[in-house]
Amino acid sequence: AVLDAQRARGWWESFDRQVEERWEELTELDRVSGDGDFGRNLRSAVRKARARLVGAAPDDVGAVFAAVSAGFLDTGGSSGPLFGMYFREFAKAAGGLPVVGADVLARASRAGADTVQRLGGASVGDKTAVDAMVPAAEALERAVAGGAEVTAALTAAYRAAAAGAHATTGMRARRGRASYVGDAARGVVDPGALAVAWFYERGATAA
Amino acid sequence: AVLDAQRARGWWESFDRQVEERWEELTELDRVSGDGDFGRNLRSAVRKARARLVGAAPDDVGAVFAAVSAGFLDTGGSSGPLFGMYFREFAKAAGGLPVVGADVLARASRAGADTVQRLGGASVGDKTAVDAMVPAAEALERAVAGGAEVTAALTAAYRAAAAGAHATTGMRARRGRASYVGDAARGVVDPGALAVAWFYERGATAA
Amino acid sequence: RRQFLNDPDDLVAEALEGFELAHPHLVRWNRDPSYVVRAQAPVRPKAALVSGGGSGHEPLHVGFVGTGMLDAAVPGQVFASPTALQVAAATRAVDTGAGVVHVVKNYTGDVLNFRIAAEIAADEGVRVQQVLVDDDLATDPQLTGNPDGPGRRGTAAVVVVEKVCGAAAEAGADVVEVAQLGRRVAGSARTLAVALQASTSPGERRPSFDLGPQEVEYGVGIHGERGVGRRGFATAAELVPQLVHPVVEALGLRRGDAVLAVVNGLGSTSGLELSLVFREVTALLGGAGITTARSLVGSYVTALDMTGCSVTLVKVDDDLVRLWDAPARTAALSW
Amino acid sequence: RRQFLNDPDDLVAEALEGFELAHPHLVRWNRDPSYVVRAQAPVRPKAALVSGGGSGHEPLHVGFVGTGMLDAAVPGQVFASPTALQVAAATRAVDTGAGVVHVVKNYTGDVLNFRIAAEIAADEGVRVQQVLVDDDLATDPQLTGNPDGPGRRGTAAVVVVEKVCGAAAEAGADVVEVAQLGRRVAGSARTLAVALQASTSPGERRPSFDLGPQEVEYGVGIHGERGVGRRGFATAAELVPQLVHPVVEALGLRRGDAVLAVVNGLGSTSGLELSLVFREVTALLGGAGITTARSLVGSYVTALDMTGCSVTLVKVDDDLVRLWDAPARTAALSW
Ligand SMILES: Nc1ncnc2c1ncn2[C@@H]1O[C@H](COP(=O)(O)OP(=O)(O)O)[C@@H](O)[C@H]1O
Ligand SMILES: Nc1ncnc2c1ncn2[C@@H]1O[C@H](COP(=O)(O)OP(=O)(O)O)[C@@H](O)[C@H]1O
Ligand SMILES: [Mg+2]
Ligand SMILES: [Mg+2]
Ligand SMILES: [Mg+2]
Ligand SMILES: [Mg+2]
């Protein structure tokens, strides 16, 4: 199966609901490892994306992600612009396409991880969203090489992202605000990485 | 006898010494009936006048009083400008004259009292310097009419001014800062009126 | 609150020295007697404009010396009148034979010293006219019930008088016309101010009065003194009408009238807040059908570091607007 | 400390609305995404200048939109970066095809969002150049010993960069030339600041940190944060050298050099004090044989109501002085 604009919206709306329901968990994590505003920042970005999606009713997959990207780019914190640029790669890769396959998602995910690393300067192991983004891209690429369709590929991406996020628990932050708190952040999962895992999980389930 | 520039300077220098020695008494009086700065204001004016007299070594009577007037006009408070204008009438009346008689002093004193009343808006009975200035002018005029020379005329002026100053003791202030304290000022002599009496007293003694 | 200061007694002189150094192309400071004149004396005879008063209100008045506004400013010590001799010297220094207009804020000391200076200058042949600015509604005898007092204080409207008179003088109006214009502006201007925190005198550590957490000082002037009463602290939406409505009423403003509105910071009020207050002012005026034809928003007539602001309304016609729009080149106002 | 305020969350938007109302002939505020552009779009193609950053620094940056300075300013919330989308929209709005220069103060959020906005605009065919302003000596890695940190913060030197680049752009320099010029100015500028009292965030009652009666906060930035250390309160004559000397040394200034000196109030510092500080600055420079070729004294880059001041020195040559002297017409700087 492939992803059309309607399924892409469904995927995003499912993520949106998850954020509305569970944003406080993310805030709690950021309270330990950062400045405690990530949940609220993410919720704010998601609401802005929602307004754009409702307003525009996009009819290609790229346009769905363009609306999502704009919502994040219109939000503060470090996560707003970085996630905005992450989703922007999805918008670019799927730009003008009424339907996309796993290959397009793999390309988008890889480009997104690269962009976030380039702009934010974090590498795998720095206890950031990158720790979920990079494994997700790798998993998608492997899935595509193995001939998987969209749902299977996203399931693989979700598992990889969740594992990556989980692995941040033992890490010491080197980038972002969490870097100021140093060892205090050890022992909790990075909330940005967790949000990436949620994103792919919703894709595997809803898309 | 008449008043030449040298005697006019002597008169002023004698007043100047009196102020330097006894300015604190005036401040005390202003503390009760006003804001407690009159002694300091007067000393400041006298010092400025001194600097001008030393700098210019004026050789006519008008010029002596012009220097004195400028010293006061260059000083703050209500007393600075009002006394400055008072002495300015002496400078005007004696302008260009190497020697002056009692008649010139009487004209100056009257013009000074008028000017202070016009500018400050106080009348006799308002517990201000006017209560010494007006009787002094009247005494000088009477002395001149009676043919008195300078020292006798100034002695009469001093007596009248001192009596006028003394009479302020029972008055309630209506002008100047003392007006804010109302009845509290009753019972003390007005320091500005007392300074006027000192001025004529020094004239009677030193000039 | 502390200050950048050496000896408090030297503050004004040291600041004037710095001011001259910062604006050598605009002003020249005469040290003794102390006054500030334009760097270039007027190239042609014109009615000259002199103002002054206590220091501590910066940029007033020295910041308004320059083309299109003042020819001279005469600064006293902090919150104390300049002396008559200073004013007379400045008057003499700027007279080109066309006469001098004194713009005086209504305070006993200022009025006395400017009046004396005018007499001295007049004796020397200078034609002097005085414009008395008394815009502070909080001290209006009708409100205070004290008809014998010194009357309404002069506050932020003085900037408008200086700007408009300066433009007229620059355009060739004679000394009497400039003064009449100034009186007309002063007569159609009223101000009200509120403080959220008192100012601190140079060298002092404590503000000149204390306010409870839920109090504001209503009807303050610009000398750090108490106002006419305490009111409750509230949002800008609730405080600003308390400044605007009495002024609108006192000026008898009606639907269709046009005003120049000055929202003036008293020292420590941030630019964000002043812009926000101005928004409230225009909304209130707009609601009453009054046009905000022109405006000035910023800290122009301060009371050292007082936290607070004043609102001044000046009823204007096209002529006044034209004079307001005319070019000015001063340290604090330039367009 | 209290403020004129309604809902703290609405402060920036309400202030921008007021700012636009106060300067309708100069600026236009685009509400969403929020940015301020000149009222008249440039009449001819020219390299455009965009700056921005958190609010609370007024008049920076919105007060510098106008002829000879910025084409657009992009305000974030108080002390928070504007979003990439705001910056991208402003960039788009002012591009005439001649490209856009972003003047960015060095703060993580600002740098990230401007960089992203530049990428977005570049994708749409806009040529964007960035000038990073990082003048705050207090945060120099050489002094802090933290080479991995974000480096020197951007503070008051940004006004000089905006003025000089604005003049060059107005005179027809292309986008690369303007950016190179900006980098040169930023590279020859260093700043140090000291606070006598912390600022108070909108809606808060207490300043963001407390100082003992004999302490000053040395090396503060413009976000109300603590500086690099406490020092003793002292006279201006003793405090000012602590700002000037390290800057002179860091810039390697020598006898015969010329500088532009900015004495900048951080919010609540009175005009008298700033003039007095400037006098100390010129005296120190003069003593070292350094000419104060030009100066700017006033509150231009503030930290809400912080009491304090910064001293910025920029090494200048005749070219820079000419560009500094070129006309500007903005709400906050005009000559
Ligand atoms: N440089 C970076 N690269 C990648 N992700 C980052 C970076 N900095 C922060 N993040 C992500 O953003 C999350 C925090 O976002 P948020 O709280 O909105 O930003 P801030 O740190 O500005 O408060 C972190 O959990 C981390 O996953
Ligand atoms: N309106 C006035 N007319 C005449 N004399 C006045 C007037 N106001 C004040 N004085 C005199 O000035 C004296 C106070 O002078 P000073 O303390 O220098 O002024 P201030 O009242 O401004 O502090 C008074 O004792 C009074 O004699
Ligand atoms: Mg955070
Ligand atoms: Mg944050
Ligand atoms: Mg007194
Ligand atoms: Mg006094």
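Trainee: Which residues does Asn6(D) touch, leaving aside those up to four places away in sequence?

Mentor: In this predicted model, Asn6(D) touches Thr235(C), Ala236(C), Ala237(C), Leu276(C) and Glu280(C), together with Glu14(D). Asn6(D) belongs to the segment that precedes α1 (11–22) of chain D.

Trainee: Why is Asn6(D) called buried?

Mentor: Buried means under 20% relative accessible area. Asn6(D) has a relative accessibility of 17%, and therefore counts as buried.

Trainee: What makes the approach of Asn6(D) to the backbone nitrogen of Ala237(C) a polar contact?

Mentor: The criterion is a pair of N or O atoms within 3.5 Å. The side chain of Asn6(D) reaches the backbone nitrogen of Ala237(C) at 2.8 Å, which satisfies that distance limit. A polar side-chain atom of Asn6(D) is also 3.3 Å from the backbone nitrogen of Ala236(C), again within 3.5 Å.

Trainee: Which pair of chains has the most contacts?

Mentor: Three pairs of chains touch, and the pair with the most contacts is C and D.

Trainee: How do you know that chain A and chain C are not in contact?

Mentor: Contact means heavy atoms within 4.5 Å. No contact joins chains A and C, and their closest C-alpha atoms are 20 Å apart. Chain B and chain D do not touch either, with nearest C-alpha atoms 20 Å apart.

Trainee: What makes Ser79(A) a polar partner of ligand 1?

Mentor: A side-chain N or O atom of Ser79(A) lies 2.5 Å from an oxygen atom of ligand 1, within the 3.5 Å limit. A polar atom in the side chain of Asn41(A) is 2.8 Å from a ligand oxygen, while a backbone N or O atom of Gly120(A) is 3.1 Å from a ligand nitrogen. The protein buries 93% of the 560 Å² that ligand 1 exposes when taken alone.

Trainee: Which helix gives the largest share of the shell around ligand 1?

Mentor: That helix is α9(A), with three residues. The shell comprises eight nonpolar, eight polar and five charged residues.

Trainee: How do you know that the span of α6(A) is close to the expected one?

Mentor: Helix α6 of chain A, residues 130–145, has 16 residues and reaches 22 Å from its first C-alpha to its last. At 1.5 Å a residue, 22 Å is expected, so the two values are close. Its buried residues include Val130(A), Met133(A) and Leu140(A), and the cover over the buried residues of α6(A) includes α4, α5, α7 (150–167) and α9 of chain A. Just after α6(A), Gly147(A) has a positive phi of about 80 degrees.

Key
Residues are numbered from 1 along each chain as its sequence is written. Chains are lettered from A and ligands numbered from 1 in the order in which they are written. This is a predicted model: local features need pLDDT of at least 70, side-chain atom pairs count only at pLDDT 80 or more; totals for chains, interfaces and linings use all residues. Side-chain values use heavy atoms; hydrogens and water are left out. A polar contact is a pair of N or O atoms within 3.5 Å; within protein, one must be able to donate a hydrogen and the other to accept it, and residues adjacent in sequence count only if both atoms are side-chain atoms. Accessible areas come from the Shrake-Rupley method with a 1.4 Å probe; for residues, only the protein chains shown count as cover. Helices (H or I, at least four residues) and strands (E, at least two) are DSSP runs, numbered from the N terminus. Ala, Val, Leu, Ile, Met, Phe, Trp, Tyr, Cys and Pro count as nonpolar, Asp, Glu, Lys and Arg as charged, and the others, Gly among them, as polar. Buried means under 20% relative accessible area, exposed over 50%, partly exposed in between (1.4 Å probe, protein chains only).
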